[in-house]
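Look at the chain as a whole, then follow the charged side chains along it. The paragraphs below start with one side chain and work outward.

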Amino acid sequence: FPPPPQHTHSSPLSTLPTLLSVTQKKLRELERLAELRKEEAEAAARLHAELDRARDELNTTRSHLHHTTEELQEVKHSLRLRNLEEEEEEAERRRLAAASPSDAGGSDVSDGLQQQQQQ
């Protein structure tokens, strides 16, 4: 027969200090993890608030840009109309000048006649 097994386990009371130390260490680790998660949640909340402010600023800027673009389109249209009016006025002046006897060509003819008369 083999000899009876030797009792190698320590008594439950002798392991309590080690078990208590390990449990306290794990508890401190869990408390630290909880603190890190809390800090992480606070940082995430700050980032979300900053993102919301940036989004609002972007929307405001986009609105201003849209309004400014509309104003520029109105100015551009107004300038086109003014240029067309000026071109029409210039064309009318040319037509009137061409029909008038005192135009540049007529002056040359009358100058030529005066020169011939003087000779």
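Arg94 has a relative accessibility of 55%, so it counts as exposed, the cut-off for that class being over 50%. The model in which Arg94 is seen this way is a predicted one. Arg94 forms a salt bridge with Glu90, and the closest N and O atoms of this pair are 3.6 Å apart. Both Arg94 and Glu90 lie in helix α1, with their positions 4 residues apart in numbering, about one turn of the helix. Salt bridges that share partners join Glu90, Arg93 and Arg94 into one network.

The other pair in this network is Arg93 with Glu90, where the closest N and O atoms are 2.8 Å apart. Arg93 and Glu90 are also both in helix α1, 3 residues apart, which is about one turn of the helix. How exposed is Glu90? Glu90 has a relative accessible area of 30%, so it is partly exposed. Arg93 is likewise placed in the partly exposed class, because its relative accessibility is 47%. Side chains of opposite charge can pair when their charged atoms come close.

A further salt bridge is found elsewhere in the helix. Asp52 pairs with Arg55, and here the closest N and O atoms are 3.2 Å apart. These residues, Asp52 and Arg55, both belong to helix α1 and stand 3 residues apart, about one turn of the helix. Asp52 counts as partly exposed because its relative accessibility is 40%. Arg55 has a relative accessibility of 41%, so it too counts as partly exposed. How many salt bridges does the count come to? The count comes to 4 salt bridges, including the pair of Asp52 and Arg55.

Charged residues also occur in a patch. Glu85, Glu86, Glu87, Glu88 and Glu89 gather on the surface in a patch of negative charge. One of them, Glu86, lies in helix α1. Glu86 is partly exposed, because its relative accessible area is 44%. Residues in a patch have no salt bridge, whereas Glu90 forms one with Arg93.

Another patch is nonpolar. Leu13, Leu16 and Leu19 form this patch on the surface, and together they have about 330 Å² of accessible area. Leu19 lies in helix α1, which covers residues 12-99. Is Leu19 buried or exposed? Leu19 counts as exposed because its relative accessibility is 51%.

Now step back to the whole protein chain. Which elements does the chain contain, and how many of each? The protein chain has 2 helices and 0 strands. Of its 119 residues, buried residues make up 0%. A residue is called buried when its relative accessible area is under 20%. The accessible surface of the protein chain comes to about 11,500 Å². Carbon and sulfur atoms account for 58% of that surface.

Conventions:
Residues numbered from 1 in each chain as written. Predicted model: local features only at pLDDT ≥ 70, side-chain atom pairs only at ≥ 80, totals over all residues. Heavy atoms only, no water. Patch = residues over 30% accessible without salt bridge, like charges linked within 9 Å, V, L, I, M, F, W, Y side chains within 5 Å. Areas by Shrake-Rupley, 256 points an atom, 1.4 Å probe, with all protein chains shown as cover. Salt bridge = Lys/Arg side-chain N within 4 Å of Asp/Glu carboxyl O. Buried < 20%, exposed > 50% of the residue type's maximum accessible area, 1.4 Å probe, protein only. Lys, Arg positive; Asp, Glu negative; His and termini not counted. Charge placed at Lys NZ, Arg CZ, Asp CG, Glu CD.
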